[in-house]
Amino acid sequence: MGNPCNEIRADWAAQRIKNLSLRKAIWNAFSGSNDTHSLIEKFDYPRLGPGMMWEAFRDRVEDQGGEVRMEQKVRRIFRDENRVRAVEVENADGSTYEFAADQFISSMPISALVENMVPPAPDHVREAAKKLRYRDFLMVTLIIEGENMFPDNWIYIHSPDVKVGRIQNFRSWSEEMIPEPNRSSLGMEYFCNENDELWDKDDKELLAQAERELRTLNLVGDAPVLDGKVIRQRKAYPLYDGDYRDALETIREWLATIPNLQAVGRNGMHRYNNQDHSMLTAMLAVKNILGENHDLWAVNVEEEYHEEVREPEESEQRAMGHSERLQPTRILAGAK
């Protein structure tokens, strides 16, 4: 079940949709024109999916002497008055260790960041953290026999006859993401809350539901479904309800008193940013550590940080080391 529109703040639309006003919406409804846009239409896409970008990131870190530790979770954040001293990390086997540093960048949910402080954050900050809510997400990926299901990268679904909210067609992103010829991979995306009826269904039920809804929408005809996989993602979307703004401001004010800690990313800032803006906050956080002065909370708010399209320089492609792996489209630029 979704959240009623009257419980979602207008901040959400302002974050995701540019160049929109009530006057323009009425005019567009009567005239049929529409120059409002929500996202940039062209961007680079790794031929084997976004995971290639993070693999390249890991490789660059390690090539320069850094270390990337996988399958580990930060459990507690230790601070001495107004500075973070160390974090407690849990390994995949359940063992823990303490990791000390001079500077910290956090992309964990900002509510969890507050809740796991040692000593605890002030009571009013902890109460604010409890007010921040999220929407969770699950995807049922189906392998279909056939190549030309539909040409779109993704389709938003508004039919009351099904629960799926969006469908991704991975072959349309890159044919190399489909390892076998004459196959398609469709991601049936469901927006839900952890431990609700949909979330708690077992994988077999979800696979059957996704196929049934795909047939109801008549997107694949009678093409056979050959296989499937269910993926669940907690806290995928920060919720912009009536309480979030004041609660977030309270947390921001307190975090500002801890100079060696910066919050970045969608969950880290409880901001419904795109992936490029989320990465930009992390890049600017690093520049802050190196002596610059960037307001991370201004990203995707001030015009300086809005998306801009430009052709990639040859030197940039060489520096990325993956120019041959990207779809030949266009690249997103961050701050000017």
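Trainee: Which residue in strand 8 is the bridge partner of Trp154?

Mentor: The general idea comes before the case. Strands of a sheet pair through backbone hydrogen bonds, either parallel or antiparallel. In this predicted model, the bridge partner of Trp154 in strand 8 is Gln168. Strand 7 and strand 8 (residues 166-169) are paired in the antiparallel sense, with three bridges.

Trainee: In what order do the strands of this open sheet lie?

Mentor: The order is 7-8-9-6-10, five strands with antiparallel pairing. Strand 7 (154-156) and strand 10 (225-238) are the edge strands, and each of them pairs on one side only. On average, and with direction ignored, neighbouring strands of this sheet are turned by 20° against each other.

Trainee: How many helices and strands does the chain have as a whole?

Mentor: The chain contains twelve helices and 13 strands. Of its 336 residues, 38% are buried. Among contacts with a separation of 6 or more, 64% are between residues 24 or more positions apart. The accessible surface of the chain is about 19900 Å², and carbon and sulfur atoms account for 49% of that surface.

Trainee: What should be read from the hairpin of strand 2 and strand 3?

Mentor: Begin with the pairing: strand 2 (residues 83-90) and strand 3 (residues 96-100) are antiparallel and share five bridges. One bridge joins Glu90 to Thr96 of strand 3. The hairpin has five residues between the strands, and Gly94 adopts a positive phi near 95° there.

Trainee: How many salt bridges are counted, and which residue pairs with Glu189?

Mentor: Side chains of opposite charge can pair when their charged atoms come close. The count here is 15 salt bridges. Glu189 pairs with Arg166, and their closest N and O atoms are 2.6 Å apart. This salt bridge links distant parts of the chain, with Glu189 in strand 9 (residues 183-192) and Arg166 in strand 8, 23 residues apart.

Trainee: Are Glu189 and Arg166 buried or exposed?

Mentor: The cut-off for buried is under 20% relative accessible area. Glu189 is buried because its relative accessibility is 1%, and Arg166 is also classed as buried, at 16%.

Trainee: Which elements does the salt bridge of Asp203 and Arg232 link?

Mentor: The side chains of Asp203 and Arg232 form a salt bridge with an N to O distance of 2.9 Å. Asp203 lies in helix 8 (residues 203-217) and Arg232 in strand 10, so to speak of distant parts of the chain is apt: the two are 29 residues apart. Asp203 is partly exposed at 35% relative accessibility, and Arg232 is partly exposed at 30%.

Trainee: What separates Glu249 and Arg252 within helix 9?

Mentor: About one helical turn separates them, because they are three residues apart in helix 9 (residues 244-255). Their side chains meet in a salt bridge at 3.8 Å, N to O. Glu249 is partly exposed at 35% relative accessibility, and Arg252 is partly exposed at 29%. Elsewhere, Asp80, Arg85 and Glu98 are joined into one network by salt bridges that share partners.

Trainee: Which residues make the nonpolar surface patch?

Mentor: Ile105, Val286, Ile289 and Leu290 make this patch of about 360 Å². Leu290 is placed in the loop between helix 11 (275-289) and strand 12 (308-310). Leu290 counts as exposed because its relative accessibility is 72%, and the cut-off for exposed is over 50%.

How values were computed: Residues numbered from 1 in each chain as written. Predicted model: local features only at pLDDT ≥ 70, side-chain atom pairs only at ≥ 80, totals over all residues. Heavy atoms only, no water. Patch = residues over 30% accessible without salt bridge, like charges linked within 9 Å, V, L, I, M, F, W, Y side chains within 5 Å. Areas by Shrake-Rupley, 256 points an atom, 1.4 Å probe, with all protein chains shown as cover. Salt bridge = Lys/Arg side-chain N within 4 Å of Asp/Glu carboxyl O. Helix = DSSP H or I, 4+ residues; strand = E, 2+ residues; numbered from the N terminus. Buried < 20%, exposed > 50% of the residue type's maximum accessible area, 1.4 Å probe, protein only. Pairing = 2+ DSSP bridges. Axes fitted to C-alpha atoms, helices over the stretch in contact; angles between N-to-C directions. Contact = heavy atoms within 4.5 Å.
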